[in-house]
Structures are given as structure tokens and as C-alpha cells.
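Here is a short note on the model you sent round. The points are numbered so that they can be answered one by one.

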Amino acid sequence: MDKDSPFGVINLQTYSRPHLLEQCLTSIYSMETSLAYKKLIILQIGNKTVEKLVSDFADCMTTIIEVDGSYKSPLQNMNHNRWLALDKAFRTLNAQWVLSVEEDVVLAKDTLLFIEQVFKTYIDNGKFRGINLGSILSDVNLLETYSLQRFGFHGCGSVMTKNTWRIVKKLRIEQTLNSFALDGALEGIAKSGVMVTPNVTMYLDNGWDSGTHNKSDKMDPHFVANRESWQIRNRNFSRIFTVQEVLIPWRSDCIPYKEEYYLRYF
């Protein structure tokens, strides 16, 4: 990590899929400059294999918070566990950004280099809300580029800034955690500014495998496109990234930041 880079925390929420978790943990601890970053793992107890995996990977930079989710619904557990991590990272650890990932993703080795560069570039931009790490484009010519978009946070892999967290707290989003998906509650806040997004994915999304709310079809077009993008990223390594505006067709409401867009997110 560059000594001048804003301080960040890597966060993982995990529960019950050890075959995916091991891949995720390996990728987290293998990223370039990862050893310099604090990791915050929210471990929902109940699966001994998962608990051992987390313990085996943990190093001196890792904090593990155990939670009992037996009295909450899957939605409530996902929401509260992620909220707990964000609150701990921003309020107690004084992070300037938090990278949140779910156990069913694999991160690219150059992910932190991308995040560090983006923050150096946009940290003073008042409209900078965070970074989405996924893509479904597989053009090798886009490998070292990123776009500026108006879109919600990618739940399986994204970065939130401290300034965005202040907005989240001001709007009392925590009051919706029992009944409404956190990603949905954050969407308007993200769309009120800019989300920086790599044009070739920084993560492999395995959300089709034993997930609680994603599609379970490995051959669903979304997962196929993400895998193709990942194959480009996984065969290469980038250190310098530049803006190249392209349309990443997540949904019809994913639009370039330069377009006029007004949203009352209050």
C-alpha cells in the first residue's frame, strides 16, 4: 500500500459455504498489497468448517467478529452483518473506505491497486460515492480502463467511501435493516453521485452456487458474461488505470455519470 493512499479496510461476511469461502479467502489474502490492510471478518457461527477456515487464514491484521444469526431471517443476517462491519470500520477503525465482499466471489490480484489509484484520483470529489468491482464486458482492450457510472452498489463486491457512510447514517438507513435489502436502501445514495467501475471485472461472481437469493443457474447470461470478463482479468495484471467511458449493460438504469440525472434520495 502506498503510504499516501487513504486508509481502507477489507470486509467479508461469511456463514455456510466453505467450498466457496476458501477461494474467496485465498483471493483476499493474495491481492497485491493485501498484507498492509486490516481485514474485518463477520463470522456467523454455526458451521465448524467455515469457522476453521476463517481461523486458519486470519493473520495479525485480521479482526474476527462472531455473530449468532439463528434468530434472524437470511435477509436480516445479510443486512445486519454488513452493517456491523461498516459501522466498525468507519466509526472504530476510522477507515476512509471499506471494501465489502461476499463469500461467493473471487477477487483479482490487482484489485487493491485499482482501488488505491481511484481514491487518489477522486477522494476530493464530493460526488464520489464509491467503487463497483464487477463487469460483464470481455474486451481485452478495456483491461486497464474504468467508467464513471450512476448505479447502485454491487452487493457481492464494492467499496463505500466515508463520505457516503455519513450520508447513510444521516438518512437512518439502519431502521430498514429488518425488512428491506441494504443494497436497495443504498441505491439512491449511490445514484446521487458517481460510482467508479472497471470495464473488465475485478471479481468472479459465483453467486449461482448455493446462494440464498441469487439465480441458481450457472449458465444464466449474467454469470456467463461475468466469467468471460474474469478470464480476461485473470490472465493479466494491471497497475495503471485510465478513464474510458463505455456502457456496461447491467440494467437499463445503469447510465454514464455525465448524463443529467436528478434523484431525491431523501
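The points below take up a strand, the nonpolar cores, a helix pair and a loop residue.

1. Status of the model. The coordinates are a predicted model, and local features are considered where pLDDT is at least 70.

2. Strand β6. This strand covers residues 128-132, and 5 of the 5 are buried, so β6 is largely enclosed by the rest of the structure. Strand β9, residues 194-198, runs parallel to β6 and is joined to it by 3 bridges. In that pairing Gly130 stands opposite Met195 of β9. Strand β8, residues 157-161, also pairs with β6 over 3 bridges, but in the antiparallel sense. Here Ile131 is the residue of interest, standing opposite Val159 in β8.

3. Surroundings of Ile131. Which residues does Ile131 contact, once neighbours within four places in sequence are left aside? They are Phe114, Ile115, Val118, Phe119, Ser158, Val159, Met195 and Val196. Of these, Val159 belongs to β8 as the residue opposite Ile131, while Met195 is the β9 residue opposite Gly130.

4. The nonpolar cores. The largest nonpolar core has 52 residues, and those touching the most other members are Leu99, Phe114, Ile115, Ile131, Leu133 and Val196. Helix α4, residues 111-122, gives the most to this core, with 6 residues. There is a second, separate core of 24 residues, with Trp83, Leu86, Phe90 and Ile173 among its members.

5. Helices α3 and α6. How do the axes of α3 (residues 74-92) and α6 (residues 182-191) cross, and within what distance do they come? The two axes come within 9 Å and cross at roughly 55°. That angle makes α3 oblique to α6, because it is outside the ranges of under 35, over 145 and 65 to 115 degrees. On the α3 side the contact is made by Asn79, Arg82 and Trp83, and on the α6 side by Leu182, Asp183 and Leu186. Sorted by class, these comprise 3 nonpolar, 1 polar and 2 charged residues. Trp83 thus appears in this contact and also in the second core.

6. Ser34. This residue is in the loop that lies between α1 (18-30) and β2 (38-44). Is Ser34 buried or exposed? Its relative accessible area is 1%, and because buried means under 20%, Ser34 counts as buried. Not counting residues up to four places away in sequence, Ser34 touches Ile10, Ile28, Tyr29, Lys39 and Leu112.

Key. Residues numbered from 1 in each chain as written. Predicted model: local features only at pLDDT ≥ 70, side-chain atom pairs only at ≥ 80, totals over all residues. Heavy atoms only, no water. Axes fitted to C-alpha atoms, helices over the stretch in contact; angles between N-to-C directions. Helix = DSSP H or I, 4+ residues; strand = E, 2+ residues; numbered from the N terminus. Contact = heavy atoms within 4.5 Å. Nonpolar A, V, L, I, M, F, W, Y, C, P; charged D, E, K, R; others polar. Buried < 20%, exposed > 50% of the residue type's maximum accessible area, 1.4 Å probe, protein only. Pairing = 2+ DSSP bridges. Core = buried A, V, L, I, M, F, W, Y, C linked by side-chain atoms within 4.5 Å.
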